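Let's look at a protein model together and ask how its labels are earned. Have the sequence and the 3D view ready.

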Amino acid sequence: MDRTSKQHPRDPVEPGASFIYDPELTTPEPPEHVTAVPDGPVSERYAAFLKFEKVYASILSNGLAAFSIALAVLMFAQVILRYGFNSPFVGIEEMALLFGAWVYFPAMAYVTRQGEHIHGGILTLIVTNPAIIQSIRLIMTVFSIIACVVFGYFAIKYAFFEIEKGRLSSYLRWPKGLWSFSLVIGFTGTILALVMQGVNQYVALQMMKEGETVQC
């Protein structure tokens, strides 16, 4: 199967997909035998899991697109008001921060699911055993989940603190919980993405042991 990238990250739930950004001028990385999503047949239960994962990614992608477009429209409107009518609306500054927060923090979950977050690639250069590579990746995923739970706990605690206190924004007087709740979605979504990634990696290990068809 042709695994050549076309300068864009490949969807990790499609056949022949990879969890790594791979420019077209480089060789495919990681090798086929260490990709955490199987290219061959899978059980019905695991196929349903992959479909759920793809729907989850679609929800994140569409949400990020919606807030990004809203932010762009907002900035355009502010330029028109400021330089066209010489009457800028101060509230737009707060709204821009709101939309920006709802792009930035949920994007953590999306890039984690897509495998576009920063990570090292030296492992596949010094280790050639597929099972060892996949085992190390699974362990790192577990550590990442633990880290996100710890940091996410404090971020979410702060978000709910602002929501419970009923704090309002300076100009629009909107609840600040609208801004801080993006933290809740961001860390919760990232943990969910990491859990699904861990499932893929665990299944990949089982496939190496049991054969081509994944029994999950």
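Q: What pattern does the protein chain follow, read along the sequence?
A: Reading along, you get α-α-α-α-α. Keep in mind that this is a predicted model. The protein chain has 5 helices and 0 strands.

Q: How do you know that the span of α2 agrees with what it should be?
A: Take 1.5 Å a residue: the 24 residues of α2 should span 34 Å, and the end C-alpha atoms are 34 Å apart, so the two agree. Still, α2 has a bend of about 35° at Ala107. Just after α2 comes Gly115, with a positive phi of about 75°.

Q: What makes Glu93 and Arg82 a salt bridge?
A: The cut-off for a side-chain nitrogen and a carboxyl oxygen is within 4 Å. In this pair the closest N and O atoms are 3.8 Å apart, so Glu93 and Arg82 pass. The pair links distant parts of the chain, with Glu93 in helix α2 and Arg82 in helix α1, 11 residues apart. As background, side chains of opposite charge can pair when their charged atoms come close.

Q: Why is Glu93 called partly exposed?
A: Buried means under 20% and exposed means over 50%, with partly exposed in between. Glu93 has 39% relative accessibility, so it lands in between. Arg82, at 35%, therefore gets the label partly exposed too.

Q: How many salt bridges does the structure hold?
A: It holds 2. Besides the pair above, Glu162 forms one with Arg167, where the closest N and O atoms are 3.8 Å apart.

Q: Why does Glu162 count as buried?
A: Its relative accessibility is 7%, which is under 20%, so Glu162 counts as buried. Its partner Arg167 has 38%, so Arg167 is partly exposed. Across the protein chain, buried residues make up 38% of the 216 residues.

Q: Which helices each supply at least two residues of the largest nonpolar core?
A: That core has 12 residues, including Tyr46, Phe49, Ala107 and Met196. The helices are α1 (44-84), α2 (91-114) and α5 (177-210). The largest share, 6 residues, comes from α1. Apart from this core lies another, of 9 residues, among them Leu74 and Ile92.

Q: What makes Tyr153 fit for a surface patch?
A: Patch residues need over 30% relative accessible area. Tyr153 has 48%, so it clears that cut-off, and it counts as partly exposed. Tyr153 lies in helix α4 (residues 130-165). The nonpolar patch also includes Ile132, Phe143 and Phe154, and its residues together have about 1,100 Å² of accessible area.

Methods: Residues numbered from 1 in each chain as written. Predicted model: local features only at pLDDT ≥ 70, side-chain atom pairs only at ≥ 80, totals over all residues. Heavy atoms only, no water. Core = buried A, V, L, I, M, F, W, Y, C linked by side-chain atoms within 4.5 Å. Buried < 20%, exposed > 50% of the residue type's maximum accessible area, 1.4 Å probe, protein only. Helix = DSSP H or I, 4+ residues; strand = E, 2+ residues; numbered from the N terminus. Patch = residues over 30% accessible without salt bridge, like charges linked within 9 Å, V, L, I, M, F, W, Y side chains within 5 Å. Areas by Shrake-Rupley, 256 points an atom, 1.4 Å probe, with all protein chains shown as cover. Expected span 1.5 Å × (residues − 1). Bend = angle between axes of the 7 residues up to and from the residue.
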